[in-house]
Amino acid sequence: MPTEGVPRMPKSTNAAIRFESSVGPALEAAFDAGRLTSDGGLPWLAEADRALGLCAALAAEVPEWRRGPVRHDLATLVRQRVYQIACGYEDQDDADTLRADPLLKLACGRLPEGGADLASQPTLSRLENAVDRRACYRLARSLVGVYLWERERGGVPERVLLDLDGTADPTHGDQEGTAYHGYFRQHMYHPLLIFDGDTDQLIAAVLRPGNAHGGHGVVAVLTRLVAALRARWPDVQVEVRADSGFAAPALYEYCEAERIAYTIGLIPNGRLEALAAPLLAGAERRRAESGADKVRLAGDAEYRAGTWPRPRRVVFKAEALAKGPNTRFVVTTRADEPLAVYDRYVDRGEAEQWIGDFKRACFADRLSDHRFWANQFRLLLHAAAYWLLDTLRRWLARLGVPRMQLDTLRLRLLKIGGRVRQLADRARLSLASQHPGEPLWRLLARARLRPGE
């Protein structure tokens, strides 16, 4: 539950809240149980982080803004912020309480009882504001490095499909880079997100001003990203897939010059509709003859827009429905049959589900810093939280667990009440005995004993 804007109340471990009970004795509730945690699954987040080397890689690119002795090293600060986001605490203010959580302290490398508390909100705010444009570039490059390492775990890929998409992140107040976007009808940022279309891994998250066009900056980002892919995997085939917000000659020309296959949506116009008209008429005729609810056909043609130096292949879908006709268009370099090309394009709808996970479970639209580059850093911290949760989801999928949304995964695997005790030779975490997430823990624990799985 977000806490920004919630009035701060004095804390007391003794003040009880009384509830009447239908079974006899009234219930009294108080925050006096001591060293408990609400996030018993934090050790699995730390396991995923160690496997990826993620927070350490990001922390290595954050400039040290402090002088003299420091209480919290950069790696601990980054871990604290990313783990909190992954556990569902997106606001910096939450750190003022969570900094003493015994399990969060242990996950961040401190003793649960004897170790110093973690950072407070002002320190995390200074962390986010310590970065500039160059640091953000290095941080984004580190995220790509994590992707490259993880993507080749199963072997060097022969092909990488890059799904490009933009998303709307509402802004509030006079934040740097905020602007009104006419399509979304709100003041916002307009981040560019790039996913691996075959594995759903988040490769890049680039903050853009709110009034940026859908394709703004994409060629510059792809230039650096494709260079990194080919430097790591010289023989890899790269392909780009995107909706009509990215339909621009500059992107087509870049892809063609770099031998990158592409399939990109086009906004319908009169000339395109005329190309598809005979096919649509055929679909409507078939539907009338068969009585089917819908008939879908696909075709292609050479098409040259006024801004194009030459014709390109356009594939179109013509669909006859009871509610009326439906046509869609994509421009592509692929040579497959038209329906196969279009179906492959439609598969990019999965990327919208990944964005939903990124925003819903990882709070990627909570960019409330004033400075633009602080918000870019914050976007990357939320991307890191996505990576940790998604890695746990992948581990479970390899063990036969059906794919879950990330907020469901957090509820089942991480949000478990527990008591932390620091013993002489170990720390012990006693978890809620009746939690439905126990089978997931057992699966992950057994897999750790069988590293090949």
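User: Which residue shares a salt bridge with Arg366?
Analyst: This is a predicted model: local features need pLDDT of at least 70, side-chain atom pairs count only at pLDDT 80 or more, and totals for chains, interfaces and linings use all residues. Residues are numbered from 1 along each chain as its sequence is written, and side-chain values use heavy atoms, with hydrogens and water left out. A salt bridge puts a side-chain nitrogen of Lys or Arg within 4 Å of a carboxyl oxygen of Asp or Glu. At 3.0 Å, N to O, the partner of Arg366 is Glu90.

User: How many residues apart are Arg366 and Glu90?
Analyst: Helices (H or I, at least four residues) and strands (E, at least two) are DSSP runs, numbered from the N terminus. Arg366 sits in the loop between α12 and α13, and Glu90 in the loop between α3 and α4. The pair links distant parts of the chain, with a separation in residues of 276.

User: Does Glu90 count as buried or exposed?
Analyst: Buried means under 20% relative accessible area, exposed over 50%, and partly exposed in between (1.4 Å probe, protein chains only). Its partner Arg366, at 24%, counts as partly exposed. Glu90 has 4% relative accessibility, so it counts as buried.

User: Which residue meets Arg378 in a salt bridge?
Analyst: The N to O distance is 3.0 Å, and the partner of Arg378 is Glu128. Arg378 lies in helix α13 and Glu128 in helix α6, so the bridge ties together parts that are 250 residues apart in sequence. Arg378 is buried at 3%. So is its partner, at 0%: Glu128.

User: Which residue forms a salt bridge with Arg232?
Analyst: The closest N and O atoms are 2.7 Å apart in the bridge between Arg232 and Glu152. Arg232 lies in helix α8 and its partner in the loop between α7 and β4, so the bridge spans 80 residues in sequence. Arg232 counts as partly exposed at 34%. Its partner is Glu152.

User: How many salt bridges does a search of the whole structure find?
Analyst: Some share partners: one network joins Asp200, Asp357, Arg360, Asp390, Arg393, Arg394, Arg403 and Asp407. The count for the whole structure is 40.

User: Which helix gives the largest share of the largest nonpolar core?
Analyst: A nonpolar core is a set of buried Ala, Val, Leu, Ile, Met, Phe, Trp, Tyr and Cys residues joined through side-chain atoms within 4.5 Å. The largest one has 117 residues, and those with the most contacts inside it are Tyr83, Leu162, Leu164 and Ile194. Its largest share, 15 residues, comes from helix α13.

User: Why do the buried residues of α9 lie on the same side?
Analyst: Leu251, Tyr252, Tyr254 and Cys255 are the buried residues in question. The arc is that of the directions from the helix axis to the C-beta atoms. The four share a side of α9 because they cover an arc of only 165°.

User: How many residues of β13 are buried?
Analyst: Arg312, Val314, Phe316, Ala318 and Ala320 point one way from the strand. Arg313, Val315, Lys317, Glu319 and Leu321 point the other way, and all are buried. The count for β13 is 10 of 10.

User: Which residue in β14 stands opposite Glu319?
Analyst: Two strands pair if DSSP finds at least two bridges between them. β13 runs antiparallel to β12, with 10 bridges, and antiparallel to β14, with nine. On the β12 side, Glu319 is the bridge partner of Arg296. On the β14 side, Glu319 faces Asn326.

User: With which side chain does Arg344 make a polar contact?
Analyst: Arg344 lies in helix α11 and is buried at 18%. Its contacts (heavy atoms within 4.5 Å), not counting residues up to four places away in sequence, are Arg159, Leu161, Glu239, Arg241 and Arg334. A polar contact is a pair of N or O atoms within 3.5 Å; within protein, one must be able to donate a hydrogen and the other to accept it, and residues adjacent in sequence count only if both atoms are side-chain atoms. At 3.0 Å, the side chain that meets this test with Arg344 is that of Glu239.

User: Which residue in β15 stands opposite Thr37?
Analyst: β3, β15 and β16 form an open antiparallel sheet, in the order β3-β15-β16. β3 and β16 stand at the edges, each with a single partner strand, so one side of each has no neighbour in the sheet. Two bridges join β3 to β15. Opposite Thr37 is Gly418.
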